[in-house]
Amino acid sequence: MTELHRGSCQCGAVRFEIEGEFERFFLCHCSRCRKGSGSSHGAKLFSSTARLTWLSGEDHLRTYRIPAARHQTTFCTNCGAPVPDLRNDGALLMVPAGCLDTPVDFRPLAHIYIASRANWDDHLEDLPAFDERPA
Ligand SMILES: [Zn+2]
Ligand SMILES: [Zn+2]
């Protein structure tokens with residue numbers, strides 16, 4: 001059975017569907033992913049076979065390519081949230097895991113670019129954890 005994933009941006013203008021399976025799932029700590037996510041890492045799913053269909057908001061999409069790097073990010077121009085993009089002339093689909101509204105039945109395979117991680121990004125699993133923001 002073909003997997004069907006659905007996702008959207010923060011404001012809901014951009015909505016999409018992905019039909020097919022993801023092949024790789026990486027947590028990337030490189031400086032570009034840290035800038036792009038505003039966080040410790042980018043959580044990125046990749047597929048060379050899944051099909052991306054925009055359901056709405058295609059006119060809100062913009063792609064920024066980092067000069068002299070094989071790195072790009074596509075985002076909603078209304079809310080700034082990253083959304084999927086096609087790389088290598090459409091051969092590779094990259095999906096920021098956080099923009100999916102359907103569960104991902106696939107555990108990340110690895111942390112990558114760990115040598116570039118933020119200096120505070122160390123043993124974060126040891127921190128206290130709360131269901132919501134503590135008082
Ligand atoms: Zn949006
Ligand atoms: Zn990266």
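**Figure 1. The whole chain, read from one end to the other.** Starting at the N terminus, the elements come in the order β-β-β-α-β-β-β-β-β-β-β-β. Count them up and you get 1 helix and 11 strands. Keep in mind that what you're looking at is a predicted model. If you boxed up the C-alpha atoms along the principal axes, the box would be roughly 40 × 40 × 35 Å.

**Figure 2. How the chain packs.** Is 15 Å what you'd expect for the radius of gyration, or not what you'd expect? It agrees with expectation, because a compact globule of 135 residues would come out near 14 Å. Buried residues account for 22% of the 135 residues. Now take the contacts between residues at least 6 apart in sequence: 62% of them link residues at least 24 apart.

**Figure 3. Strand 1 and its two faces.** Zoom in on strand 1, residues 4-8, and follow the side chains as they alternate. H5 and G7 point to one face, and they're buried. L4, R6 and S8 point to the other face, and these three are not buried.

**Figure 4. Strand 1 meets strand 2.** Here strand 1 sits with its partner, strand 2, which covers residues 15-19. The two strands run antiparallel and are joined by 5 bridges. Which residue of strand 2 is the bridge partner of L4? It's E19. So that's another role for L4, a residue we met on the face of strand 1 that isn't buried.

**Figure 5. The turn of the hairpin.** Between strand 1 and strand 2 of this hairpin there are 6 residues. Look for G12 in this hairpin: its phi is positive, near 90°.

**Figure 6. Y113, just past a strand.** Find strand 11, residues 110-112, and carry on into the segment after it: that's the place of Y113. This residue isn't glycine, yet its phi is positive, near 55°. Why does Y113 count as partly exposed? Because 17 C-beta neighbours lie inside 10 Å, while being buried takes 20 or more and being exposed means 12 or fewer.

**Figure 7. H123, out in the open.** H123 also belongs to the segment after strand 11. Its phi is near 50°, again a positive value in a residue other than glycine. Is H123 buried or exposed? It's exposed, because its surroundings hold 6 other C-beta atoms within 10 Å.

Definitions and conventions:
Residues are numbered from 1 along each chain as its sequence is written. Chains are lettered from A and ligands numbered from 1 in the order in which they are written. This is a predicted model: local features need pLDDT of at least 70, side-chain atom pairs count only at pLDDT 80 or more; totals for chains, interfaces and linings use all residues. Helices (H or I, at least four residues) and strands (E, at least two) are DSSP runs, numbered from the N terminus. The radius of gyration is taken over C-alpha atoms; the globule rule is 2.2 Å times the number of residues to the power 0.38. Two residues are in contact if their C-beta atoms, placed from the backbone, lie within 7 Å. Two strands pair if DSSP finds at least two bridges between them.
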